[in-house]
Amino acid sequence: MNVALVGLPGSGKSTVGRHLARKLGLAFVDSDNRIEQRLGCSIREFFELEGEQRFRDIEVDEIAALTQIAGCVLSTGGGSVLRAENREHLRGRCKVVYLRSSPDELYRRLRHDRNRPLLQVADPLTKLRDLYAERDPLYRETAHYVIETGRPSVAMLVNMIAMQLELAGHRMGTPSS
């Protein structure tokens with residue numbers, strides 16, 4: 001079985017994903033890292049050169065391929081749910097966990113981050129609020145589980161997700177210590 005993490009930029013998908021994979025004894029895959037390897041440049045650079053729509057086309061191919069890897073925790077890019085094909089592949093091939101974070105919380109975490117292309121605007125908080133308004137319904141449509149990221153530590157979030165999966169009867173790999 002595969003687990004996929006979705007959520008806004010900065011919601012903790014990569015960090016939680018790495019720890020969750022270790023706990024569940026599964027491989028960890030970050031779709032943005034895979035795409036950067038394929039492109040040979042950062043996503044930010046690609047956005048500047050080719051634009052968001054061209055990036056989303058490539059992301060569709062990667063999500064289709066990555067959701068077919070058996071036994072992994074997949075961290076997706078924040079905008080992966082914008083394309084219907086991605087939502088279908090994720091929901092149909094993985095147990096999807098939406099790491100839900102408020103725009104204000106994300107702004108506190110990301111206000112000094114210069115590597116997120118969609119947040120390199122004059123008013124990043126307004127941009128996060130707009131992204132949340134647009135994407136929250138898509139994350140919810142895609143997700144099997146919604147986990148609030150508010151105050152819990154990474155370890156608590158990982159345990160909450162593992163418990164949800166266990167309660168639902170999903171068997172995982174052999175946990176590693």
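I started with the lining of the largest pocket and sorted its residues by class: seven nonpolar, 13 polar and eleven charged. My classes: Ala, Val, Leu, Ile, Met, Phe, Trp, Tyr, Cys and Pro are nonpolar, Asp, Glu, Lys and Arg are charged, and the others, Gly among them, are polar.

This is a predicted model, where local features need pLDDT of at least 70 and side-chain atom pairs count only at pLDDT 80 or more, while totals for chains, interfaces and linings use all residues. Residues are numbered from 1 along each chain as its sequence is written, and side-chain values use heavy atoms, without hydrogens or water.

Pocket. I looked up its volume and got about 630 Å³ (space filled by probe spheres set on grid points joined across faces, edges and corners). A pocket here is an open set of points on a 1 Å grid over the protein atoms alone, with protein on both sides within 12 Å along at least five of seven lines; lining residues have an atom within 4 Å of a point. I found 31 lining residues, with Pro9, Asp32, Ile43, Gly77 and Arg116 nearest the centre. H1 (13–24), H2 (31–39), H3 (43–50) and H4 (52–66) each give at least two of the lining residues, and H1 has the largest share, with four. Helices are DSSP runs (H or I, at least four residues), numbered from the N terminus.

Cavity. I then checked for closed space, where a 1.4 Å probe fits but cannot get out. There is one cavity of 30 Å³ or more, and the largest cavity is about 50 Å³. Its lining is Tyr107, Leu110, Arg111, Asp113, Arg114, Leu119, Gln120, Pro124 and Leu128. I count that lining as five nonpolar, one polar and three charged residues. Helices H6 (103–110) and H7 (124–142) each supply at least two of them.
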